[in-house]
Amino acid sequence: MQGGTVAVVGGSIAGCAFATALARAGAGEVVVLERTRGRLADRGVGLCVNDERAVELAASGALPAGIAAHRLERRRWVVRDPGGAGGAGGRLIWEQPFPFHSYHWGLLWRGLREAVPPGVVYRQGEAVTGVARTGTPAPGAGAGAGAGAAFATTAGARGEGAEVRLASGAVERYDLVVGADGYRSVVRAAVCPESRPHFAGYVCWRGNFDAARLAELGGAADPVPEAVTTVCFPGGTCVIYHIPGPEGLRVNWVLYAAPPQDGRLRFDDPTSFPPGALTPELAAQLGALLEREFPPYWGRALALTDPADTFVQPIYDLEAARTTAGRLLLAGDAASVVRPHNTSGAAKALQDATALADGWRRSGSFDELVRRYQRARGPAGRELVALARRLGRAQVERTPDWAAMNARQMAAWWQEQLAGAPGIGGQAMAP
Ligand SMILES: Cc1cc2nc3c(=O)[nH]c(=O)nc-3n(C[C@H](O)[C@H](O)[C@H](O)COP(=O)(O)OP(=O)(O)OC[C@H]3O[C@@H](n4cnc5c(N)ncnc54)[C@H](O)[C@@H]3O)c2cc1C
């Protein structure tokens with residue numbers, strides 16, 4: 001297929017990858033509408049991509065070369081061990097291979113943004129307030145067409161397409177609209193309004209700090225930069241690993257636990273607290289958790305985090321009932337929100353872009369394209385959500401008696417969570 005006009009709503013990881021994939025595949029006009037006015041790169045946190053997925057994504061062109069990445073090799077599960085042989089760093093209960101590379105969100109985004117071809121128009125400060133299908137679907141047209149009653153269909157439109165409404169009041173019409181607008185997607189509200197985020201019942205605290213500061217802790221339990229440490233405690237886990245940063249290695253951590261008790265805050269609503277918004281009460285609760293549950297070395301390490309670099313956010317997941325409807329199509333977190341335990345979100349967003357580019361090259365019409373995309377990506381999101389729910393249950397909601405577990409029991413516990421899946425970090429795309 002050649003030509004056509006496409007709007008990509010959202011210009012983050014999925015949005016940049018889709019813009020690049022569409023332009024390279026032959027779309028005539030690609031516009032990215034991103035509501036953020038300032039620098040997206042300032043959001044930076046760590047994330048990981050599975051090595052096999054990274055190789056596939058580099059081969060498909062979705063993951064540009066030259067983006068800073070830090071190699072991780074193994075994952076060590078430790079418990080607090082007061083007075084035991086494990087010492088300040090805790091007692092090792094299991095070690096498993098962890099073939100991933102870690103990224104700094106801002107550096108990954110910058111690499112994807114720089115790869116967007118110059119012909120794409122990337123408009124910042126453009127908040128989309130709604131989208132709608134237009135025109136009459138062709139007979140037997142793509143997945144989701146049968147759900148047309150759920151959508152506003154503009155009477156008298158010139159043919160099938162989609163309209164985008166902007167906060168300015170302007171309305172723009174395109175042949176195809178991609179919703180790459182994240183977990184609170186406006187596009188998803190039009191594609192499947194019945195699909196809603198589910199609160200997992202717990203939150204994650206996360207932060208990062210300059211890895212050089214670990215030297216302040218005395219060095220006795222210094223982590224190997226290639227090792228991920230998972231601190232295990234009753235009712236939660238904390239994953240700690242090095243990431244590349246703009247000025248050298250940083251330590252990134254994500255701690256999952258029950259919501260903090262603060263009468264003024266609600267965690268059953270998909271809101272996050274931006275950096276710097278940690279209240280003194282929340283900071284005190286985090287400090288108490290580290291003191292009570294963590295091996296002393298790791299408690300002191302996390303306490304090195306500047307409160308301005310500390311976030312707390314509720315954990316949600318969401319399975320979209322469908323990923324396409326008429327000329328609307330969902331991508332990345334807009335299509336499925338996966339609990340972070342699976343470390344698959346960025347890889348999945350880039351796979352979505354690969355699938356669309358592949359579908360574009362093989363399709364003779366937009367209807368065929370959306371059908372192919374739904375077939376290729378619909379099941380992928382559901383599988384990831386289901387796996388991450390099992391991981392979350394086992395690692396946060398119903399934690400085992402960690403201190404009593406040995407390596408053999410840990411390995412069996414892990415296989416139970418996978419339930420036949422080959423591993424975490426996402427699956428290979430079907431050919
Ligand atoms: C704690 C945590 C840890 C994680 N760890 C990992 C990990 O280890 N590995 C991994 O692969 N993934 C991880 N993820 C997930 C990963 O960050 C995302 O899955 C991935 O970045 C895909 O994001 P996206 O581009 O689809 O959405 P987002 O990054 O949410 O981007 C959506 C974009 O759309 C814009 N937007 C939203 N609404 C509108 C609108 N109405 N109009 C215009 N623009 C709009 C937003 O400003 C934003 O730029 C983690 C997530 C969390 C929360």
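Okay, before anything else, a bit of vocabulary: I'll count Ala, Val, Leu, Ile, Met, Phe, Trp, Tyr, Cys and Pro as nonpolar, Asp, Glu, Lys and Arg as charged, and the others, Gly among them, as polar. With that in hand, here's the shell around the ligand: 16 nonpolar, nine polar and seven charged residues. And please keep in mind that we're looking at a predicted model.

Let me zoom out for a second. The protein has 431 residues, and 55% of them are buried. It's built from ten helices and 19 strands. If you take the contacts with a separation of 6 or more, 77% of them are between residues 24 or more positions apart. As for the outside, the protein exposes about 17,600 Å², and carbon and sulfur atoms supply 52% of that.

Now, back to the ligand. Which residues come nearest to it? Out of the 32 around it, the answer is Ser12, Ala14, Glu34, Asp333 and Ala346. Let's go through some polar contacts. A polar backbone atom of Ala14 sits 2.9 Å from an oxygen atom of the ligand. Over at Arg35, a backbone N or O atom is 3.2 Å from a ligand nitrogen. Thr36 uses its side chain instead: an N or O atom there is 3.3 Å from an oxygen atom of the ligand. And how much of the ligand does the protein bury? Taken alone, the ligand exposes 1,000 Å², and the protein buries 88% of that.

So where do the shell residues come from? Several elements supply at least two residues each: helix H1, at 13-25, strand S2, at 29-34, strand S3, at 46-50, strand S12, at 198-210, helix H7, at 332-335, and helix H8, at 345-362. H8 gives the most, with three residues.

Let's stay on H8. From first C-alpha to last, its 18 residues reach 26 Å, close to the 26 Å you'd expect at 1.5 Å a residue. Is H8 mostly covered or mostly open? Mostly covered: 14 of the 18 residues are buried. Just ahead of H8, have a look at Thr343, in the loop between strand S19, at 336-337, and H8. Thr343 isn't a glycine, yet it has a positive phi of about 45°.

H1 is the other helix I'd like you to look at. H1 has 13 residues and reaches 18 Å between its first and last C-alpha, close to the expected 18 Å at 1.5 Å a residue. Eleven of those 13 residues are buried. Among them are Ala14, which we met at the ligand, plus Cys16, Phe18 and Thr20. Right after H1 comes Gly26, with a positive phi of about 125°.

Keep Cys16 and Thr20 in mind, and jump along the chain to Ala115, in helix H3, residues 105-115. Ala115 and Cys16 are 99 residues apart along the chain, but their C-alpha atoms are separated by 8.1 Å. Leaving out neighbours within four places in sequence, Ala115 is in contact with Thr20, Arg24 and Pro64. Ala115 counts as partly exposed, because its relative accessibility is 23% and the partly exposed range starts at 20%.

Two more stops on the buried side. Thr230 is in strand S13, residues 227-233. What does Thr230 touch, beyond residues up to four places away in sequence? Arg75, Arg76, Trp77, Val78, Thr237, Cys238 and Val239. Its relative accessible area is 0%, so Thr230 is buried.

Then there's Ser195, in the loop between helix H4, at 186-191, and S12. Not counting neighbours within four places, Ser195 is in contact with Arg188, Leu318, Glu319, Ala320 and Ala321. Ser195 is buried too, because its relative accessible area is 10% and the limit is 20%.

Last one: Ala419, in the segment after helix H10, at 407-418. Like Thr343, Ala419 has a positive phi of about 45° without being a glycine. Buried or exposed? Ala419 counts as exposed, because its relative accessibility is 52% and the cut-off is over 50%.

That's my tour, thanks everyone.

Terms used. Residues numbered from 1 in each chain as written. Predicted model: local features only at pLDDT ≥ 70, side-chain atom pairs only at ≥ 80, totals over all residues. Heavy atoms only, no water. Near = heavy atom within 4 Å. Polar contact = N/O pair within 3.5 Å; in protein donor to acceptor, adjacent residues only side chain to side chain. Areas by Shrake-Rupley, 256 points an atom, 1.4 Å probe, with all protein chains shown as cover. Helix = DSSP H or I, 4+ residues; strand = E, 2+ residues; numbered from the N terminus. Expected span 1.5 Å × (residues − 1). Buried < 20%, exposed > 50% of the residue type's maximum accessible area, 1.4 Å probe, protein only. Contact = heavy atoms within 4.5 Å.
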